[in-house]
Amino acid sequence: MKKNANENLKNKYLLIGLSVFCVLLIGLSFVNSDIVAPIKQVTGYLVTPVQKGINSFGTWLSGLTDNFEDAETLREENASLKEQVATLTEENSLLVQEHEELERLRDLYDLDEQYSSYEKVGANIIAKESGNWFDIFTIDKGSNDGIEVDMNVIADGGLVGIVTEVGANWATVRSIIDDESNVSAMVSTTSDQCIIAGNLTLIDEGSLELFQLTDTENAVHVGDKVVTSYISEKYLPGILIGYISELNNDSNNLTKSGYVTPVVDFRHLQEVLVILELKDYTPSASSESEASTEEEAQTESAETESESETEAGSGTE
């Protein structure tokens, strides 16, 4: 450290000496140019390199300052660009969400037009049970909006499920994929009756179960449309459920069973339509006759058992 200090001191004295020497030369030049001419020549050799060095240092220092200013400008521009990119990214994300929402609302509008004979109310899904599928969920409309238990729920071009519980501003919906769901359905091309059963294990493969299909004329084929039946107790007729994906003969050779691919995407539901109309179900004459016959058979059976018990008692006594 002492050595560096001594060198700095020497350089300082040298610069002072050169400065004094230059001042003397300037003074002598006013007295007699002939006297100082040789001195000027020697001084030129000594001073010029120093002056060049000082000029170079000044130029370098000026360039360094400019570089610092340019770097600061670049940092500011970079920060500004980052803010612009973040803003544009956020705006793009909002536009994508709005576009997706518009598409969903457009689909609901088309569905509303498809079932224009029914009065409907739109609702958002606000809660669901755990799991990947919308088997049981809650919507943000209830009795204040005219919703009642057993009203049908639709979305994505087809049947979603049925209302099972209603509050003032909410309602619970059980979808047709739930294990407890059974829908009386029919094939639209032939009107052959069948049952569509929910199965949360089967829906992982994208299917619903079809059974008890009465296709006596073998007119039903894979790809045929399945809709709600007019004999259903709770579901309004003609609502699309899905398309037959597989069909097999049952062991009794009287009915068929298979699988249906639903039209509704039960993994990504967000909005639904609730049909504000209950099914006006009237049991058919054949159903009433069957019920009456069954009741009479039960009565006769009970009477026969009573008589047998009386005779057995008499015989014992």
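Of the 317 residues in the protein, 28% are buried. The model is a predicted one. The exposed surface amounts to about 20,500 Å², of which carbon and sulfur atoms supply 52%. Among the contacts with a separation of 6 or more, 57% join residues that lie 24 or more positions apart. The secondary structure consists of 3 helices and 12 strands.

Two barrels were identified. In one of them, 6 strands close in the order 1-2-5-4-3-12, with antiparallel pairing. Neighbouring strands of this sheet are turned by 45° against each other on average, direction ignored. Within this barrel, strand 4 (residues 158-166) pairs with strand 5 (residues 171-175) in the antiparallel sense, over 5 bridges. Glu-165 stands opposite Thr-172 of strand 5.

In the other barrel, 6 strands close in the order 6-7-8-11-10-9, and the pairing is again antiparallel. The twist from one strand to the next averages 40°. Strand 8 (residues 208-213) and strand 11 (residues 256-262) are paired in the antiparallel sense through 4 bridges, and Leu-213 has Lys-256 of strand 11 as its bridge partner. On the other side of the order, strand 9 (residues 225-228) is paired with strand 10 over 3 bridges, also in the antiparallel sense; here Val-227 has Leu-240 of strand 10 as its bridge partner.

Strand 10 and strand 11 run antiparallel and are joined by 7 bridges. Asn-249 has Lys-256 in strand 11 as its bridge partner, and Lys-256 is also the partner of Leu-213. The two strands, 10 and 11, form a hairpin with 6 residues between them. Asn-253, in the turn of this hairpin, has a positive phi of about 60°.

Nonpolar packing was examined next. In soluble globular proteins, nonpolar side chains tend to be buried together. The largest nonpolar core in the model has 50 residues. The residues with the most contacts inside this core are Phe-137, Ile-139, Ile-196, Leu-210, Val-226, Ile-241 and Leu-269. Apart from its neighbours within four places in sequence, Ile-241 is in contact with a set of residues that includes Leu-159, Ile-176, Val-183, Ala-185, Ile-196 and Leu-208. Val-226, Val-227 and Thr-228 are also among the contacts of Ile-241, as are Thr-261, Pro-262 and Val-263. Phe-137, another of the core residues with the most contacts, takes part in an aromatic pair with Phe-134. The model contains 1 aromatic pair. The rings of Phe-134 and Phe-137 are arranged edge-to-face, at 6.1 Å centre to centre and with 75° between the planes. Both phenylalanines, Phe-134 and Phe-137, are buried.

Tyr-243 was considered separately. This residue is found in strand 10 (residues 240-249). Tyr-243 has a relative accessible area of 34%, and is therefore classed as partly exposed, between the limits of 20% and 50%. Residues up to four places away in sequence aside, Tyr-243 touches Gly-223, Asp-224 and Lys-225, as well as Tyr-259, Val-260, Thr-261 and Val-263. Of these contacts, Thr-261 and Val-263 are also contacted by Ile-241. Tyr-243 and Val-187 are separated by 56 residues in sequence, and their C-alpha atoms are 9.1 Å apart in space.

Definitions and conventions
Residues are numbered from 1 along each chain as its sequence is written. This is a predicted model: local features need pLDDT of at least 70, side-chain atom pairs count only at pLDDT 80 or more; totals for chains, interfaces and linings use all residues. Side-chain values use heavy atoms; hydrogens and water are left out. Buried means under 20% relative accessible area, exposed over 50%, partly exposed in between (1.4 Å probe, protein chains only). Contact means heavy atoms within 4.5 Å. Accessible areas come from the Shrake-Rupley method with a 1.4 Å probe; for residues, only the protein chains shown count as cover. A nonpolar core is a set of buried Ala, Val, Leu, Ile, Met, Phe, Trp, Tyr and Cys residues joined through side-chain atoms within 4.5 Å. Two strands pair if DSSP finds at least two bridges between them. Axes are lines fitted to C-alpha atoms, for helices over the stretch in contact, and angles run from 0 to 180 degrees between N-to-C directions. Rings of Phe, Tyr and Trp (its six-membered ring) pair if their centres lie within 6.5 Å; planes under 30 degrees apart count as stacked, over 60 as edge-to-face and the rest as tilted.
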